[in-house]
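Trainee: Got a minute? I'd like to go through this one with you, beginning with the sheet.
Mentor: Sure, let's pull it up.

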Amino acid sequence: MSSTSADHEKNVCCVVESFEQIGSQWRLVVLHDLQEGEKRFNELKRSTGASSRTLSRVLDDLGEMGFVSRRTEADAPIATYYSLSDKGRSLAPVFEEIGTWAAEWL
(Lines give C-alpha, C1' and ligand atoms only; values in the text may rest on other atoms or scores of the structure.)
Protein backbone atom coordinates (compact mmCIF):
# COMPACT_ATOMS: atom_id res chain seq x y z
CA MET A 1 0.00 0.00 0.00
CA SER A 2 1.46 3.34 -0.98
CA SER A 3 2.02 6.15 1.49
CA THR A 4 -0.59 8.29 -0.27
CA SER A 5 -3.21 5.53 -0.02
CA ALA A 6 -2.40 4.95 3.66
CA ASP A 7 -2.61 8.70 4.37
CA HIS A 8 -5.97 8.89 2.60
CA GLU A 9 -7.34 5.95 4.59
CA LYS A 10 -6.09 7.50 7.84
CA ASN A 11 -7.79 10.81 6.98
CA VAL A 12 -11.04 9.03 6.09
CA CYS A 13 -10.89 7.10 9.37
CA CYS A 14 -10.39 10.35 11.33
CA VAL A 15 -13.39 11.94 9.62
CA VAL A 16 -15.58 8.91 10.29
CA GLU A 17 -14.46 8.77 13.92
CA SER A 18 -15.18 12.47 14.43
CA PHE A 19 -18.70 12.04 13.05
CA GLU A 20 -19.23 9.06 15.33
CA GLN A 21 -18.38 11.28 18.32
CA ILE A 22 -20.38 14.40 17.43
CA GLY A 23 -22.61 13.26 14.59
CA SER A 24 -25.87 12.35 16.29
CA GLN A 25 -28.67 14.86 15.88
CA TRP A 26 -28.95 15.67 19.58
CA ARG A 27 -25.20 15.93 20.16
CA LEU A 28 -24.93 18.44 17.33
CA VAL A 29 -27.93 20.42 18.59
CA VAL A 30 -26.52 20.63 22.14
CA LEU A 31 -22.99 21.47 20.97
CA HIS A 32 -24.34 24.18 18.70
CA ASP A 33 -26.63 25.57 21.41
CA LEU A 34 -23.80 25.76 23.95
CA GLN A 35 -21.77 27.89 21.51
CA GLU A 36 -23.85 30.77 22.95
CA GLY A 37 -22.45 30.17 26.44
CA GLU A 38 -23.15 28.37 29.70
CA LYS A 39 -26.71 27.14 30.28
CA ARG A 40 -28.66 25.32 32.95
CA PHE A 41 -30.28 21.98 32.17
CA ASN A 42 -33.80 23.41 31.83
CA GLU A 43 -32.53 26.23 29.59
CA LEU A 44 -30.95 23.63 27.30
CA LYS A 45 -34.11 21.54 27.39
CA ARG A 46 -36.20 24.53 26.30
CA SER A 47 -33.80 25.78 23.64
CA THR A 48 -33.11 22.37 22.08
CA GLY A 49 -36.54 20.79 22.40
CA ALA A 50 -34.97 17.56 23.69
CA SER A 51 -36.73 15.42 26.27
CA SER A 52 -35.19 15.32 29.76
CA ARG A 53 -34.04 11.73 29.24
CA THR A 54 -32.45 12.44 25.86
CA LEU A 55 -30.77 15.63 27.03
CA SER A 56 -29.40 13.95 30.16
CA ARG A 57 -27.95 11.09 28.10
CA VAL A 58 -26.45 13.45 25.51
CA LEU A 59 -24.88 15.70 28.16
CA ASP A 60 -23.39 12.65 29.90
CA ASP A 61 -21.97 11.38 26.60
CA LEU A 62 -20.54 14.77 25.64
CA GLY A 63 -19.05 15.15 29.11
CA GLU A 64 -17.39 11.72 28.96
CA MET A 65 -15.92 12.58 25.56
CA GLY A 66 -14.58 15.90 26.88
CA PHE A 67 -16.76 18.27 24.81
CA VAL A 68 -18.89 19.62 27.68
CA SER A 69 -18.04 20.73 31.21
CA ARG A 70 -20.45 20.53 34.12
CA ARG A 71 -20.55 22.89 37.08
CA THR A 72 -22.83 22.50 40.10
CA GLU A 73 -23.75 25.24 42.58
CA ALA A 74 -24.89 23.95 45.95
CA ASP A 75 -27.16 26.91 46.69
CA ALA A 76 -30.82 26.10 47.23
CA PRO A 77 -32.09 25.01 44.79
CA ILE A 78 -29.07 23.11 43.48
CA ALA A 79 -28.20 24.34 40.00
CA THR A 80 -26.19 22.51 37.38
CA TYR A 81 -24.60 24.48 34.55
CA TYR A 82 -23.22 23.13 31.28
CA SER A 83 -20.68 24.79 29.03
CA LEU A 84 -18.30 23.83 26.28
CA SER A 85 -14.83 22.69 27.23
CA ASP A 86 -11.84 23.84 25.19
CA LYS A 87 -12.40 20.78 22.99
CA GLY A 88 -16.06 21.74 22.49
CA ARG A 89 -15.24 25.40 21.77
CA SER A 90 -12.75 24.27 19.14
CA LEU A 91 -15.76 23.15 17.06
CA ALA A 92 -16.94 26.77 16.53
CA PRO A 93 -15.19 27.15 13.15
CA VAL A 94 -16.59 23.78 12.07
CA PHE A 95 -20.15 24.95 12.80
CA GLU A 96 -19.47 28.20 10.94
CA GLU A 97 -18.20 26.31 7.88
CA ILE A 98 -21.15 23.91 7.93
CA GLY A 99 -23.50 26.90 8.19
CA THR A 100 -21.84 28.54 5.21
CA TRP A 101 -22.02 25.33 3.21
CA ALA A 102 -25.69 24.77 4.17
CA ALA A 103 -26.64 28.31 3.18
CA GLU A 104 -25.24 27.70 -0.27
CA TRP A 105 -26.27 24.12 -0.90
CA LEU A 106 -29.38 23.30 1.15
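Trainee: So what order do the strands have in the sheet?
Mentor: The order is E1-E3-E2, in an open sheet of three strands with antiparallel pairing. Keep in mind that this is a predicted model.

Trainee: Which strands stand at the edges?
Mentor: Strand E1 (39-40) and strand E2 (68-73) do. Each has a single partner strand, so one side of each is left without a neighbour in the sheet.

Trainee: How many bridges join E1 to E3?
Mentor: Two, and the strands run antiparallel; E3 covers residues 79-84. If you want a spot to click on, Arg-40 has Tyr-81 in E3 as its bridge partner.

Trainee: And how many bridges join E2 to E3?
Mentor: Six, again with the two strands antiparallel. On that side, Glu-73 is opposite Ala-79 of E3.

Trainee: What do E2 and E3 form?
Mentor: A hairpin, with five residues between the two strands.

Trainee: Is E3 largely enclosed or open, and why?
Mentor: Largely enclosed by the rest of the structure, because five of its six residues are buried, meaning under 20% relative accessible area.

Trainee: Where do side chains point in a regular strand, generally?
Mentor: They alternate between the two faces of the sheet.

Trainee: OK, zooming out. What pattern does the protein follow along the sequence?
Mentor: It goes α-α-β-α-α-β-β-α-α. That gives six helices and three strands.

Trainee: Is the whole thing compact or spread out?
Mentor: More spread out than a compact globule, because the radius of gyration is 17 Å, well over the 13 Å that the globule rule gives for 106 residues. The C-alpha trace spans about 60 × 30 × 25 Å along the principal axes.

Trainee: What share of the residues is buried?
Mentor: Buried residues come to 25% of the 106.

Trainee: And the contacts? How much comes from residues 24 or more positions apart?
Mentor: Those pairs account for 47% of the contacts with a separation of 6 or more.

Trainee: Switching to the surface: what is the accessible area?
Mentor: About 7,300 Å², and 54% of that belongs to carbon and sulfur atoms.

Trainee: Last one, charges. How far apart are the mean positions of the positive and negative ones?
Mentor: They're 8 Å apart, counting 12 positive and 17 negative charges.

Terms used: Residues numbered from 1 in each chain as written. Predicted model: local features only at pLDDT ≥ 70, side-chain atom pairs only at ≥ 80, totals over all residues. Heavy atoms only, no water. Helix = DSSP H or I, 4+ residues; strand = E, 2+ residues; numbered from the N terminus. Rg over C-alpha atoms; globule rule 2.2 N^0.38 Å. Buried < 20%, exposed > 50% of the residue type's maximum accessible area, 1.4 Å probe, protein only. Contact = heavy atoms within 4.5 Å. Areas by Shrake-Rupley, 256 points an atom, 1.4 Å probe, with all protein chains shown as cover. Lys, Arg positive; Asp, Glu negative; His and termini not counted. Charge placed at Lys NZ, Arg CZ, Asp CG, Glu CD. Pairing = 2+ DSSP bridges.
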